[in-house]
Amino acid sequence: MDGQLLPVLLLLLGASGLWGRGPGPEGALEEPPEEEPPEEEPPEEDGILVLSRQTLGLALREHPALLVEFCPWEAEGIAEWLRRRVGPSATRLEDEEGARALIDARDVVVIGFFQDLQDKDVATFLALAQDALDVSFGLTNQPQLFQKFGLTKDTVVLFKKYDEGRADFPVDEELGLDQGDLSRFLLTHSMHLVTEFNSQTSRKIFAARILNHLLLFVNQTLAPHRELLAGFREAAPGFRGQVLFVVVDVGANNDHVLQYFGLKAEEAPTLRFINTETTKKYMPADRGPVTATSVAAFCHAVLGGEVKPYHLSQEVPPDWDQRPVKTLVGKNFEQVAFDETKNVFIKFYAPWCTHCKEMAPAWEALAEKYRDHEDIVIAELDATANELEALPVHGFPTLKYFPAGPGRKVIEYKGTRDLETFSKFLDSGGELPAEEPTEVPGAPFPEMPENTTEPKDEL
């Protein structure tokens, strides 16, 4: 489609209401969410709407017509998204020549083989094809093509120019084709058996919905490290769909990944395993050679519950208790937080968090105010460099109060972050007056940055 036709096409779509309420042109094979998140209002600059893929659909629904100028990096994806809604989302295949041409044209091609093109399963297939912009789709009901590709029943087949070359998804004869199941299948099998982590692949790694990731940290500039990739790849097929195999080059711009796992570049080659749902991390019991056998054994041990997760901790600073705000790390947290003679108020923060930086002066003032109170400790802990098994932190800053006495009681602070309210909270033994506002939003863990050194909650 000529880029000059896009504004005209958008005008037609906006006026006719053909856009509908479907998902925007995300270009990913993702399972639709159970609840639709609230849509973000597009911002304005000098009376001009600044649109993105996420806000374009909303803008078109609110305005009967729009004239849109596209940035080069957005135009191609949106144009393809529009093509698949105005025209067919899958190419109709009538013979082997057409099927081969489609398969040869892209690295990943999905073809639906359906004996009856009026079946409801075909509508499910085409609906998914509308938004999966990274993949070309075909559709056929021709018996000779069923025979050519060795099929006897309705099947969705993913063809790829790497790894196994092909993956089949037979349609359940009783239940039919489930879009969520098909989406997960295509995501799983379109992934390479081994994916190198970088800014281009990170989004797809997390979109794959595979919770277990096995990471091999290597320096790709060193020949002995590169030789380990063969054994790593050899072990991967046995864990397809269960464990995602990822290579992290410590010589590239991946310092944020190393930091997240508490590693230094010189520790490569080494393996780490993480469950991205629980964020539990695992390491091999020894520094033995990385072979197909050792990799498979490590995966089986983690999946079988035979390996305990490890937790990051910095070393205890020599002067950790010399300032009004005490410095806690994983190694001294227990002895300070659960000291039965002290009331301990702790800020769990991230060095890059804007909210944390904004409240830092109030926290310092609080510590100065109570520095002569023997039974009160004001402390802070960098939750990106120190992990606590019993107290996971899900946002920054998180404030927790550990009152004196037995029972290991923990109270989460949800009040206003200023000196006056902090003081009322401490003076009342961990309670706020009823009129105090409820929780102030914290900074959530960020998505994995693509071109920054900041950390993330997931690999």
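**Reading helix packing and sheets in a predicted model**

α5 and helix α7 (residues 179-190) pack at an angle of about 50°, with axes 10 Å apart. The model is a predicted one.

Q: How is such a pair of packed helices described, and which term applies to the angle between α5 and α7?
A: Two packed helices are described by the angle between their axes and by the distance between those axes. An angle of about 50° falls outside the roughly parallel, perpendicular and antiparallel ranges. α5 and α7 are therefore oblique to each other. Their crossing is right-handed.

Q: Which residues of α5 and α7 meet?
A: From α5, the residues are Thr124, Phe125, Ala127 and Leu128; from α7, they are Gln179, Leu182, Ser183 and Leu186. By class, the contact of α5 with α7 divides into five nonpolar, three polar and no charged residues.

Q: What is the strand order in the open sheet that contains β5?
A: Strands of a sheet pair through backbone hydrogen bonds, either parallel or antiparallel. In this sheet five strands follow the order β3-β5-β4-β6-β7, and the pairing is mixed. The edges are β3 (91-92) and β7 (166-170), each of which pairs on one side only. Strand β4 (residues 108-113) and β5 run parallel and are joined by five bridges. Within β5, Phe137 is the bridge partner of Val110.

Q: Which strands do α5 and α7 touch?
A: α5 packs on the sheet against β4, β5 and β6 (155-160), and its direction makes about 165° with that of β5. α7 lies across β4, β5, β6 and β7, running at about 170° to β7.

Q: What geometry does the aromatic pair of Phe125 and Phe137 have?
A: An aromatic pair is read from the distance between ring centres and the angle between ring planes, with angles over 60 degrees counted as edge-to-face. For Phe125 and Phe137 the centres are 5.6 Å apart and the planes make 70°, so the pair is edge-to-face. Phe125 lies in helix α5 (residues 120-131) and Phe137 in strand β5 (residues 136-140), so the pair ties together parts that are 12 residues apart in sequence. Phe125 also takes part in the contact with α7, and Phe137 is the bridge partner of Val110.

Q: Where does the chain between β6 and β7 have a positive phi in a residue other than glycine?
A: The residue is Asp163, with phi near 50°. Asp163 is placed in the loop between β6 and β7.

Q: In what order do the strands of the sheet containing β14 lie, and which strands are its edges?
A: This open sheet has five strands in the order β13-β15-β14-β17-β18, with mixed pairing. The edge strands, each pairing on one side only, are β13 (326-328) and β18 (411-412). Strand β14 (residues 343-349) pairs with strand β17 (residues 398-402) in the antiparallel sense over five bridges. Val344 has Phe402 of β17 as its bridge partner. α14 packs on this sheet, touching β14, β15 (376-382) and β17, and its direction makes about 160° with that of β14.

Q: How does α14 pack with α15?
A: Helix α14 (residues 354-369) and helix α15 (residues 419-427) pack at about 45°, with their axes 9 Å apart. The two helices are therefore oblique to each other, and α14 passes α15 in a right-handed crossing. Met359, Ala362, Trp363, Ala365, Leu366 and Lys369 of α14 make the contact with Leu419, Phe422, Ser423 and Leu426 of α15. These residues divide into eight nonpolar, one polar and one charged.

Q: What are the angle and axis distance for α10 and α12?
A: The axes of helix α10 (residues 228-235) and helix α12 (residues 292-303) come within 7 Å and cross at roughly 45°. α10 and α12 are therefore oblique to each other, and α10 passes α12 in a right-handed crossing. Gly231, Phe232, Glu234 and Ala235 of α10 make the contact with Ala292, Val295 and Ala296 of α12. This contact has five nonpolar, one polar and one charged residues.

Q: Which residues are joined by cis peptide bonds?
A: The omega angle identifies the bond in each case. Ala268 and Pro269 are joined by a cis peptide bond with omega about 5°; Pro269 is in the loop between α11 (255-260) and β11 (270-275). Phe396 and Pro397 are likewise joined by a cis peptide bond, with omega about -15°. Pro397 is found in the loop between β16 (395-396) and β17.

How values were computed: Residues are numbered from 1 along each chain as its sequence is written. This is a predicted model: local features need pLDDT of at least 70, side-chain atom pairs count only at pLDDT 80 or more; totals for chains, interfaces and linings use all residues. Side-chain values use heavy atoms; hydrogens and water are left out. Axes are lines fitted to C-alpha atoms, for helices over the stretch in contact, and angles run from 0 to 180 degrees between N-to-C directions. Helices (H or I, at least four residues) and strands (E, at least two) are DSSP runs, numbered from the N terminus. Angles under 35 degrees count as roughly parallel, over 145 as roughly antiparallel, 65 to 115 as roughly perpendicular and the rest as oblique. A crossing is left-handed if the near helix is turned anticlockwise from the far one by less than a right angle, and right-handed if clockwise. Contact means heavy atoms within 4.5 Å. Ala, Val, Leu, Ile, Met, Phe, Trp, Tyr, Cys and Pro count as nonpolar, Asp, Glu, Lys and Arg as charged, and the others, Gly among them, as polar. Two strands pair if DSSP finds at least two bridges between them. Rings of Phe, Tyr and Trp (its six-membered ring) pair if their centres lie within 6.5 Å; planes under 30 degrees apart count as stacked, over 60 as edge-to-face and the rest as tilted.
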